[in-house]
Amino acid sequence: MRHLLTMLAISATLLAAAPASATEVVPPGNRNAEQPNVPGASVRRTKAGKTSFDAKYDKVRDLLAGDRELVSKIKSVAAQYGIAPIHMVGAIVGEHTYNVDAYDRLQSYYIKAASYAGDSFRFAYNGERVDTFVDRPEFASCEGKKGSYAVWSCRETVWDRQFKGRTVSGVAYPNNRFSAVFFQPFYAGQTFGLGQINPLTALMLTDVVVRVSGYDRLDEKDAAGVYKAIMDPDISLAYMAASIRRSIDAYKQIADVDISSNPGITATLYNVGNPDARAADFARRRSEGTSPWPEENYYGWLVNDKLAELQGLL
């Protein structure tokens with residue numbers, strides 16, 4: 001009964017009631033016969049590290065295969081959020097194959113997280129803290145939104161429409177993502193930890209993680225607290241699961257398709273983000289007859305291609 005009530009709470013928090021029509025299940029496997037192109041930035045990072053995608057894949061696969069404690073934690077957290085653990089395995093494999101190298105053992109992630117615990121930094125751009133920035137009149141409509149996901153998604157939309165690449169009140173803002181400009185004080189594009197969670201994504205999902213996992217609520221005024229959450233493997237797994245749950249629910253509610261049987265699609269969405277907007281765009285294209293099913297990107301393609309091997313890790 002407790003698990004049932006938790007799942008009902010998640011669904012109520014994430015999205016409104018489902019549409020009345022029957023949801024269609026996305027078929028397993030890849031829609032593309034060959035892997036879509038890997039972005040140049042990922043290729044350059046991998047070459048700079050004097051390694052290869054195959055070597056990085058083997059390393060993260062071996063980490064999972066040799067760390068039963070980590071696999072047990074993945075299974076436990078996945079159950080809390082009502083998703084199959086293969087979705088979390090796929091996201092970890094994708095991130096560590098294309099974005100960062102895996103450490104050889106889980107303990108290294110804990111040590112790395114601890115090294116940031118005493119750091120003092122903040123979320124800001126050009127000397128202006130993000131909490132002050134979002135107090136501007138342009139963001140007034142976001143204050144009435146319910147829940148951390150709705151509030152921060154609204155603020156991201158306002159950024160895209162009114163600040164991104166524009167000069168406002170004499171300040172020139174970069175033509176870049178909200179998360180890259182305000183939420184990554186080390187360098188743009190940086191994510192952290194086992195789940196490679198973006199700080200803005202963590203702020204969006206904090207309501208659900210507080211409710212389901214009981215971790216402390218994140219606050220944009222406490223950048224160190226946000227980084228601690230996304231670098232600590234235990235907490236990071238909760239945010240990873242919440243992100244995947246959000247994607248599954250978004251496609252079911254908005255596009256009327258069930259992606260929960262296709263880890264390549266959930267991995268793709270974990271990689272690219274913005275599941276609500278992408279679900280709406282897919283629903284439009286599907287109604288026009290141009291896109292019968294969601295398609296995987298290079299990252300999700302690998303997960304589906306290696307699915308039998310990845311399932312064996314569980």
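Is Val89 buried or exposed, and what is its relative accessible area? Val89 is buried, with a relative accessible area of 2%, where buried means under 20% relative accessible area, exposed means over 50%, and partly exposed covers what is in between, using a 1.4 Å probe and protein chains only. I will come back to that residue after a few words on the model.

What we have here is a predicted model, in which local features need pLDDT of at least 70 and side-chain atom pairs count only at pLDDT 80 or more, while totals for chains, interfaces and linings use all residues. Residues are numbered from 1 along each chain as its sequence is written, and side-chain values use heavy atoms, with hydrogens and water left out.

The protein has 16 helices and six strands; these are DSSP runs numbered from the N terminus, with helices being H or I of at least four residues and strands being E of at least two. Of its 314 residues, 47% count as buried. If we take the contacts between residues at least 6 apart in sequence, 74% of them join residues at least 24 apart, a contact being heavy atoms within 4.5 Å.

Now back to Val89, which lies in helix H5. Leaving aside residues up to four places away in sequence, Val89 touches Leu64, Ile74, Leu310, Leu313 and Leu314. The C-alpha atoms of Val89 and Val60 are separated by 9.9 Å, although these residues are 29 apart along the chain.

That leads to the pairing of helix H3, residues 53–66, with helix H5, residues 85–98, whose axes come within 8 Å and cross at roughly 140°. The axes are lines fitted to C-alpha atoms, for helices over the stretch in contact, and the angles run from 0 to 180 degrees between N-to-C directions. H3 is therefore oblique to H5, since angles under 35 degrees count as roughly parallel, over 145 as roughly antiparallel, 65 to 115 as roughly perpendicular, and the rest as oblique. On the H3 side the residues that meet H5 are Phe53, Lys56, Tyr57, Val60 and Leu64, and on the H5 side they are Val89, Ile92, Val93, His96, Thr97 and Tyr98. By class, this contact of H3 with H5 has eight nonpolar, two polar and one charged residues, where Ala, Val, Leu, Ile, Met, Phe, Trp, Tyr, Cys and Pro count as nonpolar, Asp, Glu, Lys and Arg as charged, and the others, Gly among them, as polar.

A second helix pair is H8 with helix H10, residues 199–213, and here the axes come within 6 Å and cross at roughly 145°. Ser148, Tyr149, Trp152, Ser153 and Glu156 in H8 meet Leu200, Leu203, Met204, Leu205, Thr206 and Asp207 in H10. The contact of H8 with H10 has, by class, six nonpolar, three polar and two charged residues.

Helix H8 also takes part in a disulfide, which joins Cys142 to Cys154 with an S to S distance of 2.0 Å; a disulfide is counted when a pair of cysteine sulfur atoms lies within 2.5 Å, and by this rule the count comes to one. Cys142 lies in the loop between helix H7 (130–133) and helix H8 (148–163), and Cys154 lies in helix H8, so the pair ties together parts that are 12 residues apart in sequence. The torsion about the S-S bond is about -80°, so the disulfide of Cys142 and Cys154 is left-handed. Both Cys142 and Cys154 are buried.

Let me turn to helix H13, which is mostly covered, with eight of its 10 residues buried. What covers those buried residues of H13 includes H5, H12, H14, helix H15 (298–305) and helix H16 (307–312). Just after H13, Gly273 takes a positive phi of about 75°.

Asn274, in the loop between helix H13 (263–272) and helix H14 (275–287), has a phi near 50°, a positive value in a residue other than glycine. Asn274 is partly exposed, with a relative accessible area of 40%. Asp256 has a positive phi near 60°, and this residue, too, is not a glycine. Asp256 lies in the loop between helix H12 (233–254) and strand S6 (257–258), and at 14% relative accessibility Asp256 counts as buried.

To finish, Asp222 is found in the loop between H10 and helix H11 (223–231), and Asp222 is partly exposed, with a relative accessible area of 40%. Asp222 and Phe123 are 99 residues apart in sequence, and 8.3 Å apart in space from C-alpha to C-alpha.
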